[in-house]
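Open the model in your viewer and keep the selection tool handy. We will visit a ligand site, some helix crossings and a pair of backbone oddities.

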Amino acid sequence: MVHDTQHVNSGDEIGGNGLPGSARELLEKTTLIIASNRGPLEFHIEEDGSYSTKRGSGGVVTAVSAVSRYNDLIWVASAMTDGDRARAREADEAGEVIISPPDSDIRLRFVLADEDAYDGYYNRISNPLLWFLQHYLWDTPRSPDIDKETWRAWRDGYVTVNRQFAEEIVAAARASKRKPLVMLQDYHLYLTPGIIREMMPDVTLQHFIHIPWPDPDYWQLLPREMRSAICDSMLANDIVGFQTSSHARSFMNTCDFNLDGVDLDYRHREIHYRGRTTKVAVYPISIDCDAVEAVAASEDALRHEEHLNAFVNEFTIVRVDRAEPSKNIVRGFLAYDRFLEKFPEFIGRVNFLAFLVPSRLEVLEYVDYLDDINTVVGRINTKYANAAEQDGVAWQPISLFIGDDYPRALAALKRYDVLLVNAIFDGMNLVAKEGALLNQQDGVIILSEAAGAYQQLGPHSLTVSSTDIESTAEAIHTALTMNPDKRAAWSSELRELVRTQNIRAWIYAQIDDLAKLTTATREYR
Ligand code: G6P
């Protein structure tokens, strides 16, 4: 459980019961501007030249929809698809300030970056550099190399696109008749708050960081100019939110380490800098339980569930992840191999089903990691090729399901005896929460202590250190031989916890804190 008894509320104190009155009042008086790199929907161009849209399934979209009925909401996002770019250009030419897609309540403004700038911002700085830094993914004697190209990507890509975001947000704010409340999302936009603050000194700015925030020492692997610019800009926010209290504390220390004139107030979780105060808060993100359950009960998911009958065994281990180095997929398979070596009585009786979604294939490390996964799976399957039979054919210890198929992944989560979530570092890990909600076999979650979800789910899961292959193998054995009463008790505790700490609680807590802040400063009276 995350405890946050500071002035600013944490998500778990609020519960999922409803939007507090003051927060609702704030929403009714303001325009909420949400900004994130990936938008809530994508435009695609059809053969006849018309546009179709596809709505994203991410938690933030659901959370925001929950408050949109009280508010005049605008979403600012990068134009990422050809359809987005064409629609954004069309809007520019027509002088359309806000795009209102048909059949949708979402109102949008696109940031249309030039291709080179976007590549630097997304494929060189945000993903390989900031994402790798914040998940402690570097093999430091070899990476990163901050070279001429990195600096170019920083100056002409990250800085440029962050400035464009700020300009679009300010344009949206100025076009609105109500007071703007800006909620920025994630590591793509670290420089945006500073630029907005210069352009609109009185605006209310909040920034939520979905991924871990490492300690100041590790940030030293990033050049001083970059890390100081990030900290300086982040302190232009009124509130900065994190998934866990340890990320929040690291952020405070990182600002102190990198900037002159910072005054930390740990008791109230506040940072004073250049005459302003930034509150640092904890809002553990969650899932939309109703939506997840609806997809899991859909015909599509039920069809997949039936198909999965051919793959499950007396014992079934499942993992669901983006094919992403921070998820620690390779070590998970090594631990499974070690488990089979150590406990050969399980050979032929257990299957490991891994559902992996390819991700960020423009970044070399992700392509290499996918190769590493295929290699280790091939090696383990070959090693046990003649070890046992299942239904009259050679037993295959690991089945890889590659592709983005959400109903299939949810179908699998219903069926696990063990869910392996052994991330190296993870902001939250929503798969653990989806599994806890959906599993129908009193399955056990093996959870990395460095996943944000550990703060809430840890007491009812088996905990592992992400690099410890030997103990992870033991944990698989412990899970598969656990007393059924204990499995049932843990499962029901986890399900209850996820149901009460849902995604609405996450956004409500943030709006409530913004309402307290704006009331305190009498800004919105
Ligand atoms: C993960 C992280 C988010 C992040 C997103 C970006 O889901 O948890 O914090 O914003 O990746 O993914 P993308 O596919 O847009 O690069």
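Select Asp-186 and show its side chain: one of its polar atoms sits 2.4 Å from a ligand oxygen atom. That is a polar contact, meaning a pair of N or O atoms within 3.5 Å; inside the protein, one must be able to donate a hydrogen and the other to accept it, and sequence neighbours count only if both atoms are side-chain atoms. Add Tyr-122, where a polar side-chain atom is likewise 2.4 Å from a ligand oxygen. Then add Arg-360, whose polar side-chain atom lies 3.0 Å from an oxygen of the ligand. The ligand would expose 390 Å² taken alone, and the protein buries 69% of that (Shrake-Rupley areas with a 1.4 Å probe).

A word on the model: it is predicted, so local features need pLDDT of at least 70 and side-chain atom pairs pLDDT 80 or more, while totals for chains, interfaces and linings use all residues. Numbering starts from 1 along each chain as its sequence is written, and side-chain values use heavy atoms, leaving out hydrogens and water.

Next, widen the selection to residues with a heavy atom within 4 Å of the ligand. You should pick up Arg-38, Tyr-122, Trp-131, Asp-186, Tyr-187, His-188, His-210, Ile-211, Arg-322 and Arg-360. Colour this shell by class and you get 4 nonpolar, 2 polar and 4 charged residues; Tyr and Trp count as nonpolar here, and His as polar.

Now move to helices α15 (residues 406–414) and α16 (residues 430–438), whose axes come within 8 Å and cross at roughly 55 degrees. Helices are DSSP runs of H or I with at least four residues, strands are E runs of at least two, and both are numbered from the N terminus. The axes are lines fitted to C-alpha atoms over the stretch in contact, with angles from 0 to 180 degrees between N-to-C directions.

Keep α16 and add α11 (residues 289–296): these axes come within 11 Å and cross at roughly 65 degrees. That makes α11 roughly perpendicular to α16 (65 to 115 degrees).

Which peptide bond is cis? Zoom in on the one from Ser-143 to Pro-144, with omega near 5 degrees. Pro-144 belongs to the loop between α5 (115–134) and α6 (148–175).

Finish at Asp-391, in the loop between β14 (389–390) and β15 (393–394). Asp-391 is not a glycine, yet its phi is positive, about 50 degrees.

Key: Angles under 35 degrees count as roughly parallel, over 145 as roughly antiparallel, 65 to 115 as roughly perpendicular and the rest as oblique.
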